[in-house]
Amino acid sequence: DDDRTTRFAISSMLKKAGYAVTAVGDGAQALRNIQKTNFALAFLDVWMPELTGLEVLARVRLGESHPKVIIMTSDGTPDNVLRAIREQAYEYVSKPFPPKEAVELAERALKQNVSPPIEVISAKPHWVELLIPCTREAAERIQSFLMKLEADLPEDVRSTIGLAFRELVLNAVEWGGKLDPNRKVRIAYVRSS
């Protein structure tokens, strides 16, 4: 993160929780560190000097080191959320968030086994179509991403729809896909005006 206060707060909480942490303030340095050290997890801000977090994520996917990546931003535009999905970010979180949430995110990301990636068929703000592996973890992650897309709905309605969507996806991966990570479920999100 290029914001010194945010970087310090998150890295301090992670260090207190027992994690080894390397913190930098720009995307180019983050990419260099990831390329030379085998990190398990990276927190990347979308807007950083030299390279954005999304550019770092795209380049990391092409390299030898493949840490799970959590994208952080105060700019939750649909394009950023969709690009994070396309580039296979593990999670996408809106800032500000309590620094202790970084520990919860790290614990969740690091305890999950590596599963096949979520494949993006279409990623436009009004139409998202994905193939997700038949795992509970993938279903939870997709719900988290899609709930961040703009829906112009009151928060209580949005929450209710999110829970219903979660149940539908979980039923698909559990009953249709038999929780076999080698099988995939196709899901689509359509937004009409």
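Student: Before I look at the sheet, when do two strands count as paired?

Tutor: Two strands pair if DSSP finds at least two bridges between them. Keep in mind that this is a predicted model.

Student: In what order do the three strands of the open sheet lie?

Tutor: First the general idea. Strands of a sheet pair through backbone hydrogen bonds, either parallel or antiparallel. Here the order is β4-β5-β6, and the pairing is antiparallel. The edge strands are β4 (119–124) and β6 (184–190), each paired on one side only. From one strand to the next, the twist averages 15 degrees.

Student: How many bridges hold β4 to β5, and how many join β5 to β6?

Tutor: Five bridges pair β4 with β5 (residues 127–133). Seven bridges join β5 to β6. To trace the register, start at W127. In β5, W127 stands opposite K124. W127 also stands opposite V190 in β6.

Student: Which way do the side chains point along β6?

Tutor: They alternate. V185, I187 and Y189 point to one face and are buried. K184, R186, A188 and V190 point to the other face and are not buried.

Student: Which helices lie across β5 and β6?

Tutor: Helix α6 (residues 136–147) does, running at about 160 degrees to β5. Helix α7 (residues 155–176) lies across these strands too, at about 160 degrees to β6.

Student: Which residues touch the most other members of the largest nonpolar core?

Tutor: The general idea comes first. In soluble globular proteins, nonpolar side chains tend to be buried together. In this model the largest nonpolar core has 40 residues. L44, I71, L130, I132, I142 and I187 touch the most other members. Helix α6 gives the most to this core, with five residues. Another core lies apart from it, with 14 residues, among them I10, I70, M72 and A106.

Student: What is I132 in contact with, beyond its neighbours within four places in sequence?

Tutor: Its contacts include I118, A138, A139, I142, V169 and V173. Others are R183, K184, V185 and I187.

Student: How do I read a helix such as α4? Which of its residues are buried?

Tutor: An α-helix has 3.6 residues a turn, so residues three or four places apart point the same way. Helix α4 covers residues 78–86. Its buried residues are P78, N80, V81, L82, A84 and I85. What covers them includes α3 (53–62), β2 (68–73), β3 (91–94), β4, β5 and α6. Just after α4, Q88 takes a positive phi of about 70 degrees.

Student: Now β1. Are its faces covered or open?

Tutor: Both faces are covered. L41, F43 and D45 are buried on one side, A42 and L44 on the other. That fits the tally for β1 (residues 41–45): five of its five residues are buried.

Student: In which sense do β1 and β2 run, and what unit do they make with α3?

Tutor: They run parallel, joined by five bridges. A42 stands opposite V69 in β2. Together, β1, α3 and β2 make a right-handed β-α-β unit.

Student: How many salt bridges does the structure hold?

Tutor: Side chains of opposite charge can pair when their charged atoms come close. The structure holds eight salt bridges. One of them joins E91 to R108, with the closest N and O atoms 3.3 Å apart. E91 lies in β3 and R108 in helix α5 (residues 99–111), so this pair ties together parts 17 residues apart in sequence. E91 is buried at 4% relative accessible area, while R108 is partly exposed at 36%.

Student: What does the salt bridge between E119 and K184 tie together?

Tutor: The closest N and O atoms of this pair are 2.8 Å apart. E119 lies in β4 and K184 in β6, so the bridge ties together parts 65 residues apart in sequence. E119 is partly exposed, at 35% relative accessible area. K184 is partly exposed as well, at 32%.

Student: Which residues are linked in a network of salt bridges?

Tutor: D1, D45 and K95 are. D45 is also one of the buried residues of β1. Elsewhere, the side chains of R166 and E167 meet in a salt bridge, at 3.0 Å from N to O. R166 is partly exposed at 23% relative accessible area, and E167 is partly exposed at 40%.

Methods
Residues are numbered from 1 along each chain as its sequence is written. This is a predicted model: local features need pLDDT of at least 70, side-chain atom pairs count only at pLDDT 80 or more; totals for chains, interfaces and linings use all residues. Side-chain values use heavy atoms; hydrogens and water are left out. Helices (H or I, at least four residues) and strands (E, at least two) are DSSP runs, numbered from the N terminus. Axes are lines fitted to C-alpha atoms, for helices over the stretch in contact, and angles run from 0 to 180 degrees between N-to-C directions. Contact means heavy atoms within 4.5 Å. Buried means under 20% relative accessible area, exposed over 50%, partly exposed in between (1.4 Å probe, protein chains only). A nonpolar core is a set of buried Ala, Val, Leu, Ile, Met, Phe, Trp, Tyr and Cys residues joined through side-chain atoms within 4.5 Å. A crossover is right-handed if, with the strands pointing away from the viewer, the path from the first strand over the helix to the second runs clockwise. A salt bridge is a side-chain nitrogen of Lys or Arg within 4 Å of a carboxyl oxygen of Asp or Glu.
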